[in-house]
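Here is a set of short exercises on how the parts of one assembly meet each other. Have the viewer open and try each task before you read its solution.

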Amino acid sequence: MHKLTNKLKGNKLAQIILLVLYVLVTSLSLYLAQASVTAFLLLLFSLLLLYYTELPDRLKWVIAGVVLIGVIPFVSSTGPGYQSYMEVATVVGIYVAMALGLNIVVGLAGLLDLGFVAFFAIGAYTYGIFATGQAANFMPFGDFPLSGESFWIFILIGCFVAALFGVLLGIPVLRVKGDYLAIVTLGFGEIIRIVFNNLDKPVNITNGAMGLASVKPPEIFGYQFVYPNQFYFIVLAILLFVILAVRRFEYSKIGRSWKAVRENEIAAQSMGIHLVRTKLLAFAIGASFSGMMGVVFAAKQTFVDPTSFTLLESITILVMVILGGMGSVPGVILGAAVITILNLQVLTEVTNYLNQLSLNGVISFPEALAPAKMQRFIFGAILIVFAIYRPQGLIPAKNPVFDEESLKEGSKKHRKDQITVEPDKGFQA
Amino acid sequence: MSILTVSNLTKQFGGLVAVNSVDITVEKGSITAVIGPNGAGKTTFFNLITGVYQPDKGNVQLGSTSLIGKKPHDIARQGIARTFQNIRLFSNITVLENVMVGLHKQLRAGLVGTLFQTKTVREEEKRAQEEAYHWLEYVGLAKHLNEDAQNLSYGAQRRLEIARALATKPKLLLLDEPAAGMNPRETRELTEFIHRMREDLDVTIILIEHDMKLVMEISEQIFVLDHGEKIAEGKPAEIRNNVKVIEAYLGKSAVTPA
Ligand SMILES: Nc1ncnc2c1ncn2[C@@H]1O[C@H](COP(=O)(O)OP(=O)(O)O)[C@@H](O)[C@H]1O
Ligand SMILES: [Mg+2]
């Protein structure tokens, strides 16, 4: 195995050929095999392989685009499992965007947030309330439900409303640090959920525990989005934006100030960094990604109620970030994908399989160890194993590498500006 | 012309008066040392100037602006930079990025510009990298640019802190025990370097230091703190022979043999 990877290193042509072969084989088996979960997962896995190739970034994006937009929807479209695959892929996309948002808060700015799902809920309710008749209960004007065409604007509205709540949460919360911050954010997450649960009186805004049903599906030029294979493309588009935004922020003045605050608050301030503003910005941007996906979630489910936004959800998103690698964009994407697929597909499959076995009398489980109850246990065990063997995450965060030669050239300009001494006089390295 | 004027500065921690009615004036372009035994209140004095702590009484003035009530980041923007006695680098990011954080207040990139990677933002970022590299060259760390700051040797970490502080283009630079943990050769180089900074950069320097050779060689003015009070001030020659100072360092018996 080592020999093989060594041989492949540096040989881009071989890498690309292998990758294409891999995609071909997995797509073909998915195309031919009816509803093969394994083939579907292996096909998704090709994106990870792609990440590890040494191809130029631009080419990687193009290939990823071809696989995500073309190959995956096309080859899974023939089997009876089509919609369920697209559903899985869509949910993965939603969680990836949220995990990337939380990664800004936890991974880059170093602020432990245990109530992150609140912003997802805010996004979902923002659309849910106005895309059902609910808004008519308290809005003095307007015609509700709004049409499905408003969905596209609501992605933006959800983004801003969530960002606004991110700031509102941040202002009181950022007075505390570390563990205390975690507890306060946990409280915030629960408060939001409970408020949504109880805001059916005195004025019925959220319809309480009953939730909001028949949320209008997105619509454009009379074309309606109702099936997972349609939502898949909406999620993909938003996700593309989120990834682009995250990467750009990470390696900018803003990203550096987040990391500086994470590493050392006092030193960061002494460099002129406004502590509160920097943290609030992290909260707001992180929240905005969740808000957008909340809107999509509401439209996709056509139903919103408070039970979708429990503490367990917040913790799951946090686990995605930690498992993937705090501060690492590719890591967090992988972490979110792994956890979502584990939850939605693998663990369910395993449980079904075990159930089948016990039904057939091959093995028998005592009541307390019934497979359905073991799901969480297996999930926990996997996390513990990862925490022990990969404490930095699946793909640990990497720092940028700067090209010394070009900087050397450029720095001469600055020397002319202010300093006339040779650099290596005096202080020796 | 004085650049820093501190008057009646006082800070208490519970019952302990860490800095007690201290008056200090620092001339523009000078090198000033603050000395005193451990626990004398020197670091606290720096923390009061830079806004890490708010004083209970007194005033701190940079040029003609009072710094009282200002937050640390505001004070940094006024032109004061510092290093820390217990090194405070951004450990998990690269050496170059550490210095780039020092350039923070000069960079204009905003949220929208960053999101769309406008030409201005890209050019500014490139310039920031170059300027940061330039500061690394200046302190002799250029070849470490891509290493994580935490992997540098102790002496190199101290130098990186200085480079980061210089990147903020300070008028006033506060160095808290810059030679701590350095060997004699490194200390000699540091002495030379501090002189050079003043010549090259038009910056006023105040340093806290225990190495008396360095202090006597480098500073034009020395303030001595003991138990939070200023017990002496003057030129190196005056301080060397000051009875109170010898008492503070060596105990009363050193001056008045029993
Ligand atoms: N944040 C703080 N809380 C309580 N006491 C402090 C704090 N900072 C400093 N002190 C106390 O103030 C005194 C002066 O400390 P410091 O300024 O660090 O001395 P120096 O730098 O001269 O060695 C010491 O007794 C120290 O314990
Ligand atoms: Mg000290």
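The exercises below go through domains, chains and a ligand in a predicted model.

**Exercise 1. The two domains of chain A**

Find how chain A is divided into domains, and describe the contact between domain 1 of chain A and domain 2 of chain A.

*Solution.*

Step 1. Begin with the bounds: domain 1 of chain A covers 1-80, and domain 2 of chain A covers 84-322. Their C-alpha centres lie 31 Å apart.

Step 2. Next, count the residues in contact. Domain 1 of chain A brings eleven residues and domain 2 of chain A brings nine.

Step 3. Now look at the area. About 870 Å² is buried between domain 1 of chain A and domain 2 of chain A, with 81% coming from carbon and sulfur atoms. On the side of domain 1 of chain A, the residues that lose the most area are Phe40(A), Trp61(A) and Leu68(A), which together give 50% of what that side buries.

Step 4. Check for polar links. The count of salt bridges between domain 1 of chain A and domain 2 of chain A is zero, and one residue pair is in polar contact across this interface.

Step 5. Place the surface on the secondary structure. For the side of domain 1 of chain A that touches domain 2 of chain A, α3 (37-52) and α4 (57-76) of chain A each supply at least two residues. The largest share is that of α4(A), with six residues. Sorted by class, this side has nine nonpolar residues, two polar ones and no charged ones.

**Exercise 2. The two domains of chain B**

Repeat the analysis for domain 1 of chain B and domain 2 of chain B, taking care over how the domains are assigned.

*Solution.*

Step 1. Read the assignment with care: domain 1 of chain B is made of 1-79 + 170-258, and domain 2 of chain B is 90-169. The C-alpha centres of these two domains of chain B are separated by 28 Å, and the contact takes 19 residues from domain 1 of chain B and 13 residues from domain 2 of chain B.

Step 2. Turn to the area. Between them, domain 1 of chain B and domain 2 of chain B bury about 1,300 Å², and carbon and sulfur atoms give 67% of it. Arg77(B), Pro170(B) and Phe193(B) supply 36% of the area that domain 1 of chain B buries here, more than any other three residues.

Step 3. Count the polar links. Zero salt bridges are found between domain 1 of chain B and domain 2 of chain B, while three residue pairs are in polar contact.

Step 4. Locate the elements. On the side of domain 1 of chain B that touches domain 2 of chain B, at least two residues each come from α2 (72-78), β7 (172-176) and α7 (184-201) of chain B. Of the elements on this side, α7(B) gives the most, with seven residues. The classes are eleven nonpolar, one polar and seven charged residues.

**Exercise 3. Where chain A meets chain B**

Describe the interface of chain A and chain B, and name the residues of its salt bridge.

*Solution.*

Step 1. Start with the extent: 48 residues from chain A and 59 residues from chain B take part in the contact. The two chains bury about 5,100 Å² between them, 62% of it on carbon and sulfur atoms.

Step 2. Search for the salt bridge. There is one across this interface, formed by Arg256(A) and Glu125(B), with their closest N and O atoms 2.8 Å apart. The count of residue pairs in polar contact between chain A and chain B is 13.

Step 3. Assign the side of chain A to its elements. Those giving two or more residues are α9 (228-250), α10 (253-263), α11 (265-270), α12 (275-301) and α16 (404-418) of chain A. The largest share, ten residues, belongs to α16(A). By class, the side of chain A that touches chain B holds 22 nonpolar, 15 polar and eleven charged residues.

**Exercise 4. The surroundings of ligand 1**

Which residues surround ligand 1, and which backbone atoms approach its oxygen atoms?

*Solution.*

Step 1. List the neighbours. Among them are Phe13(B), Leu16(B), Pro37(B), Thr43(B), Thr44(B) and Tyr53(B).

Step 2. Go through the backbone distances. A backbone N or O atom of Gly39(B) lies 2.8 Å from an oxygen atom of ligand 1. For Ala40(B), a polar backbone atom is 3.2 Å from a ligand 1 oxygen. For Lys42(B), the corresponding distance from a polar backbone atom to an oxygen atom of ligand 1 is 2.8 Å.

Terms used. Residues are numbered from 1 along each chain as its sequence is written. Chains are lettered from A and ligands numbered from 1 in the order in which they are written. This is a predicted model: local features need pLDDT of at least 70, side-chain atom pairs count only at pLDDT 80 or more; totals for chains, interfaces and linings use all residues. Side-chain values use heavy atoms; hydrogens and water are left out. Domain bounds come from an automatic or database domain assignment. Contact means heavy atoms within 4.5 Å. Buried area is the accessible area (1.4 Å probe) that two parts lose on being put together, summed over both. A salt bridge is a side-chain nitrogen of Lys or Arg within 4 Å of a carboxyl oxygen of Asp or Glu. A polar contact is a pair of N or O atoms within 3.5 Å; within protein, one must be able to donate a hydrogen and the other to accept it, and residues adjacent in sequence count only if both atoms are side-chain atoms. Helices (H or I, at least four residues) and strands (E, at least two) are DSSP runs, numbered from the N terminus. Ala, Val, Leu, Ile, Met, Phe, Trp, Tyr, Cys and Pro count as nonpolar, Asp, Glu, Lys and Arg as charged, and the others, Gly among them, as polar. A residue is near a molecule or strand if one of its heavy atoms lies within 4 Å of it.
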